[in-house]
Amino acid sequence: MREARRRRTFAVISHPDAGKSTLTEALALHAKVIAEAGAVHGKAGRRGVVSDWLEMERARGISITSAALQFAYDDCVINLLDTPGHADFSEDTYRVLSAVDSAVMLLDAAKGLEQQTLKLFDVCRHRGIPVLTFINKWDRPGRDALELCDEIEQRIGLRPMPLTWPVGESGRFRGVLDRSTGEFVGYERTAGGATVAAEYRLAAQQAHDEFGPDWRRAVEESELLSAAGGDFEHAPFFDATATPVLFGSAVRNFGIGHLLQQLVALAPRPAPRPDVRGEQRALDAPFSAFVFKVQTGMDPAHRDRVAFARVCSGTFERGMVATHAATGKPFATKYAQQVFGQQRDTLERAYPGDVVGLVNASALGVGDTLYSGKPAVEFPGIPSFAPEHFAVVRTTDPGRSKQFRRGIEQLSQEGVVQVLRSDKRGEAAPVLAAVGPMQFDVAVHRMENEFRAPVRLEQLPYRVARILADAGQRVVVDTRTSEVLHRPDGTPLALFADDMALRSLLRRYPELELRPVVGSG
Ligand code: G4P
C-alpha cells in the first residue's frame with residue numbers, strides 16, 4: 001500500500017509538435033534522470049517519440065521501455081506512459097490512456113486546442129481521467145492567456161483553474177505569478193535550455209517594483225479568475241470537470257519543476273480498479289494486471305512479442321507464475337526483465353501503477369488480465385475507438401487462406417487493426433478498420449512477412465462509425481451508401497461516408513438509435 005501511494009502514473013496528451021518529446025526530456029532533467037537536455041530533441045535523428053525514447057535509453061542507460069519512463073521524484077515514483085503521437089498515431093495512443101490515473105494536456109500557446117488533443121481528451125472524458133493542463137511555448141509570441149483559458153472552457157467544458165499565471169504576454173515571458181502564494185516566480189535562462197533553469201521568488205511588492213505594468217496586469221487577471229471560479233479545488237479536478245493550468249516553456253525548462261511538484265501533490269494515486277462484475281479490486285489484493293499494449297519486433301534479432309501490463313493490485317515479482325484470466329492457463333513471468341533497461345531494482349518488483357513488460361507473451365492480447373492467488377479476477381476489456389479508415393482485405397494467394405485467417409485473427413487480438421465482418425462480405429473478405437491509416441501499412445507488412453499471406457486492400461468510402469443500438473434496425477442502414485458490420489464481440493457498427501450521410505439517414509429514420517464510439521470527437 002505504501003508503494004502504491006507513492007505512484008503517479010500519467011500520460012501526456014497533445015497534438016504533434018506541441019512539445020511532448022521536449023517536455024518528457026525536461027521532466028527527466030528535473031527529476032535528475034538525465035544531466036543535460038538537447039541531445040535527444042533536435043530535428044536531426046528525430047524519428048518519432050518511440051525511437052527518441054529508445055535512443056535516450058541507449059544513451060543514458062535509464063529505465064525506459066518503449067511504453068513507460070519511470071523515475072523517482074520527491075519520495076514519489078512517477079510513471080510517464082508514452083503515447084505515440086506522430087505519424088504512427090493510432091489506437092495504441094488511446095489504449096495507453098486506459099492504463100493511467102491522470103493526464104497532462106499539453107497545448108502550444110500559439111495554437112490552443114488542436115485536433116488530436118481534442119480526440120485524446122475525449123478519451124480522458126470518457127474514462128473520467130483527471131487532466132492537468134500545461135500551456136507550453138510561452139517564450140514565444142502566442143495567444144492571450146485568458147483567451148486560451150476561455151477556449152478550454154468553451155470547447156471541452158473543463159473549467160480552468162490556473163495555478164500559475166504568466167507575467168508578461170507570450171513571447172515576453174518574465175516568469176509566473178504563483179496564485180497560491182501571490183509571489184512572483186522567475187526563471188534563470190540556461191544555455192539552450194540544456195540544464196535545469198534555476199528558480200527565484202520575489203514577494204508581490206518587489207515584483208511590482210521590478211515588472212510594473214506586467215505584474216499589475218497579472219495580478220488583475222488573477223483576481224478576475226478568482227471572481228469567475230478559477231481558484232483551485234480538489235474535487236472538480238478529481239471529477240474531471242475542471243483542470244489545473246500551468247504556464248511554461250519546455251524547451252527553456254521554465255515551469256517544469258512546478259509541473260512535477262503539482263503532479264506529486266495533486267495527481268491521483270492508483271485506486272482500486274473495478275473488475276468485469278463491477279467489484280473493486282483492492283490495491284492490497286494479490287497481484288493483478290491488465291495488458292494495454294502489445295508490441296512486436298522490438299528486438300530485430302528475434303521475432304519477439306512484448307505485452308505491456310499495468311499492475312492494478314499486489315506486488316509483481318519477477319519469476320512469479322500468474323494466471324491468464326482468458327484461458328485459465330499459467331503464465332510464467334521470468335522474462336519480465338529484458339525490456340527494463342539496466343535498473344535492476346525496477347525489474348525485480350512492480351507495484352500498482354507500474355508497467356511491466358512481458359517478453360515472449362504470445363498468449364496475451366490487448367485487454368487481457370493476469371492475476372495470482374484466489375479468487376480469480378478479470379478486468380473489463382479496453383474499448384475500441386472510433387475508426388475513420390476502412391478497407392476490405394483479401395489474400396492474393398488462395399493457397400494461403402489458412403495462414404490468412406490466422407494472421408487476421410492475430411492482428412485483431414493484438415489490436416493492430418480492428419477486424420469487422422458481415423455475412424454479406426463473408427469470411428474471406430473481412431474489413432479492416434483503423435484510427436490512423438498507418439495501421440493498414442503495419443497490417444499489410446505483417447501479413448506478408450510474418451504470416452506469409454500476401455494481401456490486397458480495397459479502401460471503402462466510409463469515414464464515420466456509430467454503434468447501432470438495436471441490431472434489428474440494420475436493414476435501414478444497409479443501403480448503397482452505408483453499411484453495418486460486426487466487431488469481434490458482436491457489436492454492430494454502422495458506417496457512413498460522412499456526417500452528412502449520417503444526418504440525412506437520421507432525418508429519414510428518426511427512430512434509428514445510433515451511439516457514438518469513443519473518440520468520435
Ligand atoms: P512533439 O513531441 O509534441 O511532436 O514536439 P517536440 O518536442 O518534438 O517539439 C516540437 C517543436 O517545438 C520543436 O521544434 C521543439 O524544439 C519546439 N518546442 C518545444 N517546446 C518549446 C517551447 O517551450 N518553446 C519553443 N519556442 N519551442 C518549443 P523544432 O523546430 O521541430 O525542432 P528543434 O530544431 O527546435 O529541436
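Colleague: Let's start with strand β4, residues 102-108. How many of its residues are buried?

Modeller: Seven of its seven residues are buried, so β4 is mostly covered. Keep in mind that this is a predicted model.

Colleague: How should I read the two sides of a strand like that?

Modeller: In a regular strand the side chains alternate between the two faces of the sheet. Here S102, V104, L106 and D108 point one way from β4, while A103, M105 and L107 point the other way, and all of them are buried.

Colleague: Which strands pair with β4, and in which sense?

Modeller: Strand β1 (residues 7-13) pairs with β4 in the parallel sense, over four bridges. Strand β5 also pairs with β4 in the parallel sense, over six bridges. To find these pairings on screen, look at single bridge partners: F10 is matched with S102 in β4, and V104 is matched with L132 in β5.

Colleague: Now the core. What is the general idea?

Modeller: In soluble globular proteins, nonpolar side chains tend to be buried together. In this model the largest nonpolar core has 139 residues, and A103, A309 and L432 are those with the most contacts inside it. Strand β15 (residues 305-313) gives the most to this core, with six residues.

Colleague: A103 was in β4 a moment ago. Which residues is A103 in contact with, leaving aside its neighbours within four places in sequence?

Modeller: Those contacts are F10, A11, I13, L97, C124, I129 and V131.

Colleague: And for the protein as a whole, what should I note?

Modeller: The protein has 14 helices and 29 strands. Of its 521 residues, 47% count as buried. Among contacts with a separation of 6 or more, 71% are between residues 24 or more positions apart.

Colleague: Let's take a helix. How do I read which way its residues face?

Modeller: An α-helix has 3.6 residues a turn, so residues three or four places apart point the same way. A good case to look at is α2, residues 20-30, which is mostly covered, with 11 of its 11 residues buried. The buried set includes K20 and E25 as well as L23, L27 and L29. Just after α2, K32 takes a positive phi of about 65°.

Colleague: How do α2 and α9 sit against each other: roughly parallel or roughly perpendicular?

Modeller: The axes of α2 and helix α9 (residues 256-266) come within 9 Å and cross at roughly 80°. That angle makes α2 roughly perpendicular to α9. At the contact, A26, L27 and H30 in α2 meet I256, G257 and L260 in α9. By class, this contact has four nonpolar, two polar and no charged residues.

Colleague: What is the strand order in the open sheet of four strands?

Modeller: The order is β23-β24-β22-β25, with antiparallel pairing. Its edge strands are β23 (418-420) and β25 (455-459), each pairing on one side only. On average, neighbouring strands of this sheet are turned by 35° against each other, with direction ignored. For a closer look, follow β23 and β24 (residues 431-434), which pair in the antiparallel sense over three bridges. There, Q418 stands opposite A433 in β24.

Colleague: I would also like to check the backbone. Where is the cis peptide bond?

Modeller: The cis peptide bond joins K374 and P375, with omega at about 0°. P375 is in the loop between β21 (369-371) and β22 (389-395), and β22 is one of the strands in the open sheet of four.

Colleague: What about phi at D74?

Modeller: D74 has a positive phi of about 50°, although this residue is not a glycine. D74 lies in the loop between β2 (68-73) and β3 (76-81). D74 is exposed, because 12 other C-beta atoms lie within 10 Å, and 12 or fewer is the cut-off for that label.

Colleague: Is K137, which also has a positive phi, buried or exposed?

Modeller: K137 counts as buried, because it has 26 C-beta neighbours inside 10 Å, where the label needs 20 or more. Its phi is about 65°, and K137 is not a glycine. You will find K137 in the loop between β5 (131-136) and α6 (145-156). That brings us back to β5, which pairs with β4.

Technical notes:
Residues are numbered from 1 along each chain as its sequence is written. This is a predicted model: local features need pLDDT of at least 70, side-chain atom pairs count only at pLDDT 80 or more; totals for chains, interfaces and linings use all residues. Two strands pair if DSSP finds at least two bridges between them. Helices (H or I, at least four residues) and strands (E, at least two) are DSSP runs, numbered from the N terminus. Axes are lines fitted to C-alpha atoms, for helices over the stretch in contact, and angles run from 0 to 180 degrees between N-to-C directions. A nonpolar core is a set of buried Ala, Val, Leu, Ile, Met, Phe, Trp, Tyr and Cys residues joined through C-beta atoms within 7 Å. Two residues are in contact if their C-beta atoms, placed from the backbone, lie within 7 Å. Angles under 35 degrees count as roughly parallel, over 145 as roughly antiparallel, 65 to 115 as roughly perpendicular and the rest as oblique. Ala, Val, Leu, Ile, Met, Phe, Trp, Tyr, Cys and Pro count as nonpolar, Asp, Glu, Lys and Arg as charged, and the others, Gly among them, as polar.
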